Amino acid sequence: MDAPAKIAVVGTGYVGLTTGACFAHLGHQVVCVDIDIDKVQRLSVGDVPIFEAGLAELVEEGLNTGRLAFVANTGVGVRDADFVYLCVPTPPSTDREGNADSSAGLVDLRALESAAREVGLHVRAGAVVVNKSTVPVGSARLVAKAMGRSDVTVVSNPEFLREGSAVSDFLFPDRVVIGATDRGAAQRVAKLHQRSAAPTIITDPATAETSKYAANAFLATKLSFVNTIAAVCEAVGANVADVLSVLGHDKRIGSECLTPGPGWGGSCFPKDTQALVRMAADAGYDYSLLRGVLAANDEQFNRVVNKVAAVVDLAGATIAMLGLAFKAGTDDTRNSPALAIAERLLAAGARVQAYDPAVTRVEGTNIALARDAYAACEGAEVLLVVTEWDEFKTLDVAHLAGVMSALNVVDARNIMDAEALLRHGFDYQCIGRG
Ligand code: NAD
């Protein structure tokens, strides 16, 4: 490796903490900054507040080697840095009442602007500021303007990591995208990733920014397509697993992201697809395909609710919900399908008893949290699987039959042992089988 770089990372969430810990692991000197003082204090003693495979170990390694530090002061964090990574949230904009709806697709760039302003006050001349947050076209210019520093270069470097495999995705990315008007700065950023041997695409900032939205929109489209094909399979009596196996063997399609489910969610796909629809509309293009993808996803949540309603009268029913995270391998419940479905069940008068191995609290809902899957099923008329955790695949079916008040399973991930459930007298519904 060339001489280690001095790197500052602003924002220590899923992206920033992974970025900081991985760069420290690769031998660089890293300071992570966050405005959340409590988080900084916890991280400084190796207490990682998020569930992400391998991340706690890398944070501990970085603290032990002295290559990773956490501070709450941006000035202190960035003043010696050669590279400053911006990894702050870019959530949907809300109106004054806090609703995202009236401003659908608009992106709240206040955290990015505020971080850039702070960085501009303290960063040294010649440094490169690298934006990893997902942002609409034009945001590289916005960062440069907020910094107000002609001696500092801004580069877009969208992040493609997936929660649940963030560390390995960062260390071994499929590709690295760098958008810059200054080729020299782009090459310097590319060098930080050369050990990964990933193809590197150096382009202009607008293209880099658009490519991140395009990637998420494509994946969301693939998932909505799978769920709509599953609906067709149910209607015509076909088996979605075999249909998707046929599709997955086609090299032009590929087998990744080809699994039916309760609908897609998470902190990125919903906001990023909506932002792309909006960005396109503002530029004069009606992105009707992507609007359809979003509508199909909302419909998928309803389809899951309807499957539960088909076996039990929702008013007064107790539903055991297995899974709250938006997918297995993370504790992130932001825009989780589980929460969207739970809200609809609650609105129809059901009681929801939920269990997720990685989620210990959910705020702002009437979901009752149980200590394990069996406790969630106690007295329930329907067991509903929404997150594909491995432990739900091997539940003791006899035990479930003993604690539930009626024997109904709606498996929105198609992961349970259908034969064992049927043997024990359960009614078993899943996605995409007639
Ligand atoms: P996050 O909410 O997990 O973390 C953001 C962190 O930034 C928080 O700790 C917050 O306290 C901190 N912060 C906010 N304002 C700050 C400021 N002015 N100065 C310093 N710290 C500040 O967010 P995330 O999931 O890591 O996402 C960050 C960005 O990366 C977003 O634009 C997101 O769309 C994008 N992204 C996320 C993922 C993902 O899987 N989570 C993947 C790729 C890209």
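Biologist: How many disulfides does the structure hold?

Modeller: This predicted model holds 0 disulfides. Cys 87 is in no disulfide, and the nearest cysteine sulfur, that of Cys 32, is 8.3 Å away. A disulfide needs two cysteine sulfur atoms within 2.5 Å, so the sulfurs of Cys 87 and Cys 32, 8.3 Å apart, do not make one.

Biologist: How do you know that Cys 377 has no bond to Cys 430?

Modeller: The closest cysteine sulfur to that of Cys 377 is in Cys 430, at 17 Å. The cut-off is 2.5 Å, so 17 Å is too far for a bond.

Biologist: Why does Cys 87 count as buried?

Modeller: Buried means under 20% relative accessible area. Cys 87 has 8% relative accessibility and therefore counts as buried.

Biologist: What makes Cys 377 count as buried?

Modeller: Its relative accessibility is 0%, so Cys 377 counts as buried under that cut-off of 20%.

Biologist: Why are helices H12 and H13 called oblique to each other?

Modeller: Helix H12 (residues 288-311) and helix H13 (residues 337-347) pack at an angle of about 50 degrees, with axes 10 Å apart. Angles under 35 degrees count as roughly parallel and 65 to 115 as roughly perpendicular. An angle of about 50 degrees fits neither class, so H12 and H13 are oblique. Their crossing is right-handed.

Biologist: Which residues of H12 and H13 meet?

Modeller: From H12 come Asp 298, Phe 301, Asn 302, Val 304, Val 305 and Val 308; from H13, Pro 337, Ala 340, Ile 341, Arg 344 and Leu 345. By class, this contact has 8 nonpolar, 1 polar and 2 charged residues.

Notes
Residues numbered from 1 in each chain as written. Predicted model: local features only at pLDDT ≥ 70, side-chain atom pairs only at ≥ 80, totals over all residues. Heavy atoms only, no water. Buried < 20%, exposed > 50% of the residue type's maximum accessible area, 1.4 Å probe, protein only. Axes fitted to C-alpha atoms, helices over the stretch in contact; angles between N-to-C directions. Helix = DSSP H or I, 4+ residues; strand = E, 2+ residues; numbered from the N terminus. Parallel < 35°, antiparallel > 145°, perpendicular 65-115°, else oblique. Left-handed = near helix turned anticlockwise from the far one by under 90°. Contact = heavy atoms within 4.5 Å. Nonpolar A, V, L, I, M, F, W, Y, C, P; charged D, E, K, R; others polar.
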